[in-house]
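Trainee: I keep meeting terms such as buried, cavity and pocket. Can we test them on a real case?

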Amino acid sequence: MASLGAGQQLSRKRGAGRSSPVERRNLLTVCRFSVKTLLDRSCFETIDDSSPEFINFVSILEHVFSHRLKGHTTWFGYESPRSFWDYVKAACSKVPHNCIRSIESMENVRSSRAKGRAWIRVVLMEKRLSEYVSFALKDFKTTRRFYEEGAIMLGEEAGLLADTLIGLNTIDFSFCLKGEGLDGSCPAVIDYTPYLKFTQSTDSISSDEEEMRTLGSSGSESSTPEKTATAASIFTEQSNLVSKCKRFEQKYRLALEQKGYLEELVRLREAQLSEAVSHNKALQQSLADAHLSHTLEKQQLEFIILELQNQLQSFQSLEQLSADMSLSQSSLGPSSTSGAPCLSGKEETPSLRGLCGSLTSVTSYKSLTSLKSSECLASPATEISSPGVTPS
């Protein structure tokens, strides 16, 4: 009995160890498929609360956020269930310009689950769901406080989840936050049928045909050829529909590949355009700097030219003054003592007249002093030579 109990316990541990990674892998795979279906659906119509793809995506996202979420432990030791909104409110409170306070103040949204659903719709309309998830995952301490070991939010797959949700930023969502989708009483149920794909081989198709034929031939003795013909026609119509669906699927895949190529080309052109704009701005700045330096150099050259002109004018005035002085010195000759004009044959100017007057006064003063000196020297001789005059 002891060995039997140990074997059962070991099998339970193995089952629990297998179920957790399988559950994580299933949720992440289905989440990736739902994002792709939303992207495909947004090419044809607007995504709102009535879209079945969106309803399924929200259900998957709730299961991802609620995977192995710890309950709330009360003072008495009881553990009550908890919604992922409590984790979002604690981990995303420091996100810049967050919408947590506005969701808390909504009147028609009262339960914690309804607030979490309202938060998903608001951040999808704001195109910030991936930003919130990335910010919450960075706060590892809070995430570990709210989730148990083996949770998706604690694994390496959480980073891939945030990268997958970036694609939703290209969709323009439109939601009504007062609808029935926010009812917190109904649980979220995932519909896996859109993501299940079964490829039927040729052998199984031939076996189905044989079964249809046998059923048509050996159904009952009262069967008529008309019933057999109707069964064959139904089967042919079904095969035609299958072939048409396959052709349509091929065309749809081709269109999706072309769309992806065009989107990548647009992103490349946008990057080239931004690079060209930045290069143009740099060239404009360098052109403005060159124009400013050219203006400063022009002003400096104009100032130097004016200074040189002033110096040239001063040199010319000095040369003219020296020429006038040389002319005045050359004009001082025999004609200056006789009181004749200083410059014969040339028109007198006021400066020359003043100069000639000064020179004339100097020569007259010299002649008078020489005359007086000669008279003083000749006076004794005349007094001695004159007869009949006795000195007193």
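**Terms put to the test**

Trainee: Why is Arg68 called partly exposed?

Mentor: Look at the number. Arg68 has a relative accessible area of 35%. Buried means under 20%, and exposed means over 50%. The 35% of Arg68 falls in between, so Arg68 is partly exposed. Keep in mind that this is a predicted model.

Trainee: Where does Arg68 sit, and what is the sign of its phi?

Mentor: Arg68 is in the loop between H2 and strand E1 (72–73). Its phi is positive, about 55°, although Arg68 is not a glycine.

Trainee: Which loop holds Lys127, and what is its phi?

Mentor: Lys127 lies between helix H5 (112–126) and H6. It is not a glycine, yet its phi is positive, at about 60°.

Trainee: What makes Lys127 partly exposed?

Mentor: Run the test again. Lys127 has 35% relative accessibility. That is neither under 20% nor over 50%, so Lys127 counts as partly exposed.

Trainee: And why does Arg82 get that label, partly exposed?

Mentor: Its relative accessibility is 24%. The limit for buried is under 20%, so Arg82 misses it and counts as partly exposed. Arg82 sits in the loop between strand E2 (79–80) and H3. Its C-alpha atom is 5.1 Å from that of Gly71, and the two residues are 11 apart along the chain.

Trainee: How do you know that Glu131 is partly exposed?

Mentor: Glu131 comes out at 37% relative accessibility. That value lies between the two limits, so the label is partly exposed. Glu131 belongs to helix H6. From Glu131 to Ile166 there are 35 residues in sequence and 8.3 Å in space, C-alpha to C-alpha.

Trainee: How much of the chain is buried?

Mentor: Of the 392 residues, 22% are buried.

Trainee: How many helices and strands are there?

Mentor: The chain has 11 helices and two strands. Along the sequence, the pattern reads α-α-β-β-α-α-α-α-α-α-α-α-α.

Trainee: How do you know that Ala158, Leu161 and Ala162 are on the same side of H8?

Mentor: Start with their label. Ala158, Leu161 and Ala162 are buried in H8. They span an arc of only 100° around the axis, which puts them on the same side. Leu160 and Asp163 are exposed on the other side of H8. There is a general rule behind this. An α-helix has 3.6 residues a turn, so residues three or four places apart point the same way.

Trainee: Now the empty space. How many cavities of 30 Å³ or more are there?

Mentor: The count is one. Its volume is about 50 Å³.

Trainee: What makes a space a cavity and not a pocket?

Mentor: A 1.4 Å probe fits in a cavity but cannot get out, whereas a pocket is open.

Trainee: Which residues line the largest cavity?

Mentor: Phe65, Tyr87, Val88, Cys92, Trp119, Tyr132, Val133, Ala136 and Met153 do. Helix H3 (84–91) and helix H6 (129–138) each give at least two of the lining residues. H6 has the largest share, three residues.

Trainee: How is that lining divided by class?

Mentor: It has nine nonpolar residues, no polar and no charged ones. Tyr and Cys count as nonpolar here.

Trainee: What do we know about the largest pocket?

Mentor: It holds about 1,300 Å³ of space. Helices H1 (2–42), H2 (52–65), H8 (157–164) and H10 (225–330) are the elements that each give two or more residues to its lining. H10 gives the most, 10 residues. The lining has 38 residues in total, and Lys36, Thr37, Asp40, Tyr252 and Leu256 lie nearest the centre. By class there are 17 nonpolar, eight polar and 13 charged residues.

Trainee: Why can we say that Arg32 lies over the face of Phe33?

Mentor: Arg32 is 5.8 Å from the ring centre. The distance limit is 6 Å, so Arg32 passes that part of the test. The charge must also be within 35 degrees of the ring normal. Arg32 is listed as over the face.

Trainee: Last one. How many aromatic pairs are there, and which residues form a cluster?

Mentor: There are 10 aromatic pairs. Phe65, Phe84, Trp119 and Tyr132 form one aromatic cluster. Phe65, Trp119 and Tyr132 are also among the residues that line the largest cavity.

Terms used
Residues are numbered from 1 along each chain as its sequence is written. This is a predicted model: local features need pLDDT of at least 70, side-chain atom pairs count only at pLDDT 80 or more; totals for chains, interfaces and linings use all residues. Side-chain values use heavy atoms; hydrogens and water are left out. On a 1 Å grid over the protein atoms alone, a cavity is a set of points where a 1.4 Å probe fits but cannot get out, and a pocket is an open set with protein on both sides within 12 Å along at least five of seven lines; lining residues have an atom within 4 Å of a point. Grid points are joined across faces, edges and corners, and a volume is the space filled by probe spheres set on the points. Helices (H or I, at least four residues) and strands (E, at least two) are DSSP runs, numbered from the N terminus. Rings of Phe, Tyr and Trp (its six-membered ring) pair if their centres lie within 6.5 Å; planes under 30 degrees apart count as stacked, over 60 as edge-to-face and the rest as tilted. Buried means under 20% relative accessible area, exposed over 50%, partly exposed in between (1.4 Å probe, protein chains only). The arc is that of the directions from the helix axis to the C-beta atoms.
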